[in-house]
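User: Hey, I just opened this one and don't know my way around yet. Can you walk me through it?
Analyst: Sure, let's look at it together.
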Amino acid sequence: MKEKKAKKHIFYWIIVALVCIFWFVILELGKNTLLGWGLVIAALVFLIIIEIKKTKVEGFWVHFCLCLLLLTVCSSAFVLSMPPYKTVPAVENKNPAVTQTITVNEGKLTGVYNKDESVEVFAGIPYAAPPVGELRWKEPQAPDKWEGVKACDHFAPMSMQKRDSEIMNTLTRMVGYHDFKISLKDNYREAVSEDSLYLNIWKPAGDVKDAPVLFFIHGGSLTSGQPSFSEYRGEDLAKKGIIVVNFGYRLNVFGYMADESLAAESPNGTTGNYGLLDQIAALKWVNENIAAFGGDASKITIAGESAGSSSVNALCVSPLAKGLFRYAIAESSGITPKVPYHTFRSFDDALKSGKETLDEFGVKTAGELRAMSAEELVKTSTNNSAMTVDGYAITEQPYLTYEKGENNEQALLNGYNSHEANVFNLFTKVDEKAYKDALDELFGEYADEAYEAYPPESVPLDYDFLVEAGGAAKGTYDHILGGTWFAYSHKKWSDYMAAQNKPVYFYYFSKDNGSLRANHAGEMPYAYGNLWRHGYLYEDADFALSDTMQNYWVNFVKTGNPNGNDLPQWAPYTKTQRQILQLDNEVKMIDDPYSKLYPIIDKSQEAK
């Protein structure tokens, strides 16, 4: 009898232990505060005390009620200790030293130094008025002036966007980036706000004069993303003698919804490109104020990745950005094809989506949507993730501007990664039938030619994830999708620049690693010098490649030519020299891996 009772006790404590472990894991994944941990521990201590005191009442129902109490306390602890919303500090070192005071058009401000005081960081500088209330879906307005000295030591809230739970965000980083670690420093949620038109500056410490400027536009499909993201920070590039700027801009329904009534009320007749207009406003602010930080407004290079790269492409064809920069860096996206594959749509399609948004919320005019809260509006299921030809910021299909030679950039550094499409196609199983159907959708009447050039199992699925759906033709489809959606736009862009006899440098990033590998955005921490933030995921070869890439990028920002510093020679892409630079353990010129796919895409584009 005693042995049976002992086994029941052991079983009971195993259940208690599993419940506590489960909730401790949930609290850590959810970035919950220490209050939650304290409540769960207190509940566990209470159960132990009850057991020690050997209460007269024993049996199944007592233990059942105690377990139920523990579950109730744990659930309550999770709710009561939800991480608060906070803005992100500009630097990670505690109590950073404050910089000298700098004067810009709107007033005086200070920043903070990084840990070794080699870089000054100024975060959360307003470059436009908050686009709220009546200014929602209006062209960006000049920022307000302020009195006193503004402490620019925290990043502003990220632009309004849909957010997953912190548990989902953490799991995504665990599966995608592999950079999860237990920490008490991240027990908060990053603030989100419609008031997000602020920029951030990294400059070399001390007296700087006439420094070149890198103006970076973050990605996120024009629907998400934030400039505070660690991979976007410019600390290491600033150590190499340039100034780095990034910023927030309006996203999704706030940045890219189009409506005829909004165009009618605009003094410029524009609608649908509010996020792009924000980017131009930020670029103008930098032109007017960067000298105060030691920068040279005549030496600005615009740069971006993914949707940020498409945005760079848009600035290169926008008459509003003419003269505001000299060079362009574009990573993993563009809008140069006759019919761009993403982040761009016709004005008619933009208006159609705008009408769908009005119908979704049961209103007749965009003016009525202004009365809605941003938190409600951001829940829209209508897709507003593309720029358009509004006749103001973009006046024609981008490829036409390039054919005329009227694009704004004087030199281009651009390229793509070896596994661009894999993460966008994770949950789709691709067998032979699905593969044929996908080729029909991509290439129309030229699908058979693509099938012959790339049989279903001709490219292995060499990158795998826990959630990968697989399929016999998955590797080949991922490869073709990466070439079509991403590589092709850079091929066209480079061809246009070469035809204009302008310097263009074309790369192919294929370095495997312990984090994002060579998937979409995998090159970012290398080029911008942020591998050290998650150094345990990388090896010496990664850091060596990162140093090489940083030097290429910095040289390009300074001179329009990435070569120098005893770097492997990067031959410019010309009408006759078509090789591209492979960025891997060995840095060398190679033939473009998609050379046999491009002609098929060309023909399918011409047929559209």
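**Finding the way around**

Analyst: Let's start with an open sheet of three strands, ordered β2-β3-β6, with mixed pairing. Keep in mind that this is a predicted model.

User: Ok, which strands are at the edges there?
Analyst: β2 (102-104) and β6 (149-151) are the edge strands, and each of them pairs on one side only.

User: And how far are neighbouring strands turned against each other?
Analyst: On average by 40°, if you ignore direction.

User: How many bridges join β2 to β3?
Analyst: Three, and the two strands run antiparallel, with β3 covering residues 107-110. For instance, Ile102 has Leu109 in β3 as its bridge partner.

User: I clicked on Thr110. Where does that lie?
Analyst: Thr110 is in strand β3.

User: Buried or exposed?
Analyst: Its relative accessibility is 11%, and buried means under 20%, so Thr110 counts as buried. Leaving out residues up to four places away in sequence, Thr110 touches several residues, including Val98, Phe122, Val149 and Cys152.

User: There's another sheet too, right next on my list. What's the strand order in the one with eleven strands?
Analyst: That open sheet goes β4-β5-β10-β12-β11-β13-β14-β17-β18-β19-β20, and its pairing is mixed. At the edges you find β4 (112-113) and β20 (588-590); each has a single partner strand, so one side of each has no neighbour in the sheet.

User: How does β20 pair with β19?
Analyst: In the antiparallel sense, over three bridges; β19 spans residues 580-583. Gln582 stands opposite Lys588 in β20.

User: Which helix lies across β11, β13 and β14?
Analyst: That's α9, residues 307-317. Helix α9 runs at about 130° to β13.

User: Switching to the inside. Which residues touch the most other members of the largest nonpolar core?
Analyst: Tyr127, Ile201, Phe215, Phe293 and Phe443 do, in a core of 89 residues. The helix that gives the most to this core is α16 (residues 474-499), with nine residues.

User: Any other core to know about?
Analyst: There's a second, separate core of 49 residues, with Val121, Ala123, Leu531 and Val557 among them.

User: Back to Tyr127, what does that one touch?
Analyst: Not counting residues up to four places away in sequence, Tyr127 has contacts that include Pro143, Leu197, Phe247, Asp278 and Trp285.

User: And α16, how does that pack against α14?
Analyst: α14 (residues 432-443) and α16 meet at an angle of about 10°, and their axes are 11 Å apart. Angles under 35 degrees count as roughly parallel, so that's what this pair is.

User: Which residues meet there?
Analyst: From α14 it's Tyr435, Ala438, Leu439, Leu442 and Phe443; from α16 it's Thr476, Tyr477, Ile480, Leu481, Thr484 and Trp485. By class, that contact has nine nonpolar, two polar and no charged residues.

User: What about α16 with α19, at what angle do those pack?
Analyst: About 90°, with the axes 11 Å apart, and α19 covers residues 598-606. The two helices are therefore roughly perpendicular to each other.

User: Which residues of α19 are in on it?
Analyst: Tyr598, Ile601, Asp602 and Gln605 are, and they meet Gly483, Thr484, Ala487, Tyr488, Lys491 and Lys492 in α16.

User: And the mix by class there?
Analyst: Four nonpolar, three polar and three charged residues make up the contact of α16 with α19.

How values were computed. Residues are numbered from 1 along each chain as its sequence is written. This is a predicted model: local features need pLDDT of at least 70, side-chain atom pairs count only at pLDDT 80 or more; totals for chains, interfaces and linings use all residues. Side-chain values use heavy atoms; hydrogens and water are left out. A nonpolar core is a set of buried Ala, Val, Leu, Ile, Met, Phe, Trp, Tyr and Cys residues joined through side-chain atoms within 4.5 Å. Buried means under 20% relative accessible area, exposed over 50%, partly exposed in between (1.4 Å probe, protein chains only). Helices (H or I, at least four residues) and strands (E, at least two) are DSSP runs, numbered from the N terminus. Contact means heavy atoms within 4.5 Å. Axes are lines fitted to C-alpha atoms, for helices over the stretch in contact, and angles run from 0 to 180 degrees between N-to-C directions. Angles under 35 degrees count as roughly parallel, over 145 as roughly antiparallel, 65 to 115 as roughly perpendicular and the rest as oblique. Ala, Val, Leu, Ile, Met, Phe, Trp, Tyr, Cys and Pro count as nonpolar, Asp, Glu, Lys and Arg as charged, and the others, Gly among them, as polar. Two strands pair if DSSP finds at least two bridges between them.
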